[in-house]
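Q: I am new to this structure and would be grateful for a close look at one part of it. Please describe the second largest pocket, and then the sheet that shares an element with its lining.

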Amino acid sequence: MSSSLLSPLLITIVPVSGLLIFLALITRPRPTRIPIKGRHVFITGGSSGIGLAIARLAAAEGARVSILARNRQRLDEARDSIRLATGVEVGIYSVDVRDAEAVARAIEVAGPIDVLICNQGVFTPQELEKQEMDEIKFIVDVNLMGTFHLIKAALPNMKRKTRETGLPSSIAIMSAQAGQVGVYGYTAYSASKFALRGLSEALQHEVIADNIFVSLIFPSDTDTPGFSEELRRRPEISKIIAASSGGMKADDVARISLNGIKAGRFSIPCNFEGTMLSIVTAGLSPQSSFMAAFLEISFAGFMRFVALCFQWNWFSSIEKWHAKNNSKQN
Ligand SMILES: NC(=O)C1=CN([C@@H]2O[C@H](COP(=O)(O)OP(=O)(O)OC[C@H]3O[C@@H](n4cnc5c(N)ncnc54)[C@H](OP(=O)(O)O)[C@@H]3O)[C@@H](O)[C@H]2O)C=CC1
Ligand SMILES: CCCCCCCCCCCCCCCC(=O)[C@@H](N)CO
């Protein structure tokens with residue numbers, strides 16, 4: 001082979017494979033597999049939408065499943081529907097995550113957890129100026145403080161059980177794409193979901209020595225009972241911006257979430273736009289996959305360019321909408 005063909009080949013292959021090998025050596029946490037068969041999976045918000053879909057899937061894969069939510073009747077219905085679909089009897093806990101003591105009691109009764117999935121969430125979009133402080137506090141209390149209550153209550157026994165069994169465990173937290181980018185109408189919601197990222201990154205440092213892996217899941221709009229409610233209140237601009245990312249079905253989000261959890265992945269995007277968002281917002285988040293790390297490094301600059309194009313588009317929509325409304329008023 002002539003050297004004119006060989007040298008460009010060498011110039012790319014050698015550094016690329018060198019980088020891949022380097023990344024495989026340094027990415028942390030180290031790759032793992034977290035089994036769920038026969039293990040205790042505890043899912044909050046497991047009576048509806050994404051949580052219910054995860055509960056059903058985990059039960060079908062042979063996990064012992066507990067679900068927690070407020071409304072007793074919807075919990076009963078969820079238990080019946082999972083029994084019908086899988087033959088598995090799930091444990092139900094009627095608790096408000098804002099009540100730390102009630103959360104601790106439920107977790108005590110349910111027994112040590114192997115996979116804790118903090119999925120409960122409320123989302124009522126509205127412009128900050130119009131949204132009442134009570135509702136802002138409610139969103140932060142359920143989405144953020146509720147997650148603190150759950151982790152504080154579950155962690156001691158999780159650590160003990162992980163040590164005893166020698167099997168890695170997981171704490172998974174449901175964020176949203178609005179937890180990666182601030183979106184019109186979502187000041188309270190985005191704040192609560194961005195906060196979960198800080199919690200997750202810091203927590204992963206604290207629990208890695210105990211063989212516990214943290215996962216942060218970022219779904220786009222997903223067809224669920226909660227989402228149907230949300231749509232009725234969504235400001236028009238919020239709708240336009242959220243349409244940048246494709247809608248999903250709860251079963252698909254559940255499958256992707258559970259696969260990510262079992263692979264011990266830190267960031268779990270759920271669709272193509274989500275993968276782009278995860279690359280552009282990678283920052284200093286943990287990364288156990290050297291291939292994903294390679295993609296982040298390769299596309300970071302280009303994705304920032306794409307992100308700026310999206311922002312241009314969103315701000316243009318906002319400008320147009322205001323121009324239209326002002327002309328109506330005059
Ligand atoms: N659907 C979507 O478009 C998206 C959703 N997400 C996130 O996914 C998660 C699930 O959403 P989704 O399935 O759509 O929501 P749903 O509204 O369909 O279900 C929410 C679940 O959380 C429970 N829950 C709500 N508040 C509390 C509380 N205070 N204490 C205990 N349980 C509570 C609900 O039960 P009950 O009311 O009986 O308490 C229900 O089981 C949320 O965290 C949401 O932010 C993220 C991105 C997109
Ligand atoms: C490189 C740049 C890529 C850009 C991709 C753009 C995608 C951004 C769309 C944001 C959508 C926010 C939806 C929130 C869903 C949600 O959380 C509510 N349904 C309430 O739960």
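A: The following account begins with the pocket and then turns to the sheet. The model is a predicted one.

The second largest pocket has a volume of about 200 Å³. Its lining includes Arg265, Ser267 and Pro269, then Thr275, Ser278 and Ile279. Also part of this lining are Ser285 and Gln287, together with Met291, Ala292, Leu295 and Glu296. By character, five residues of the lining are nonpolar, five are polar and two are charged.

Three elements each contribute at least two residues to the lining of this pocket: strand S9 (267-269), helix H10 (272-280) and helix H11 (290-329). The largest share, four residues, is supplied by H11.

Strand S9 leads from the pocket to the sheet. Seven strands make up this open sheet, and their order is S3-S2-S1-S4-S5-S6-S9, with parallel pairing. S9 is an edge strand, as is strand S3 (91-94), and each of them pairs on one side only. From one strand to the next, the twist averages 15°.

Within the sheet, strand S1 (residues 40-44) and strand S2 (residues 64-69) run parallel and are joined by five bridges. Phe42 has Ser66 in S2 as its bridge partner. Helix H3 (residues 72-86) packs on the sheet, where it touches S2 and S3. The direction of H3 makes about 170° with that of S3.

Note on methods:
Residues numbered from 1 in each chain as written. Chains lettered and ligands numbered in written order. Predicted model: local features only at pLDDT ≥ 70, side-chain atom pairs only at ≥ 80, totals over all residues. Heavy atoms only, no water. 1 Å grid on protein atoms, 1.4 Å probe; cavity = no way out; pocket = protein on both sides within 12 Å on 5 of 7 lines; lining within 4 Å. Points joined across faces, edges and corners; volume = space filled by probe spheres on them. Nonpolar A, V, L, I, M, F, W, Y, C, P; charged D, E, K, R; others polar. Pairing = 2+ DSSP bridges. Axes fitted to C-alpha atoms, helices over the stretch in contact; angles between N-to-C directions. Contact = heavy atoms within 4.5 Å.
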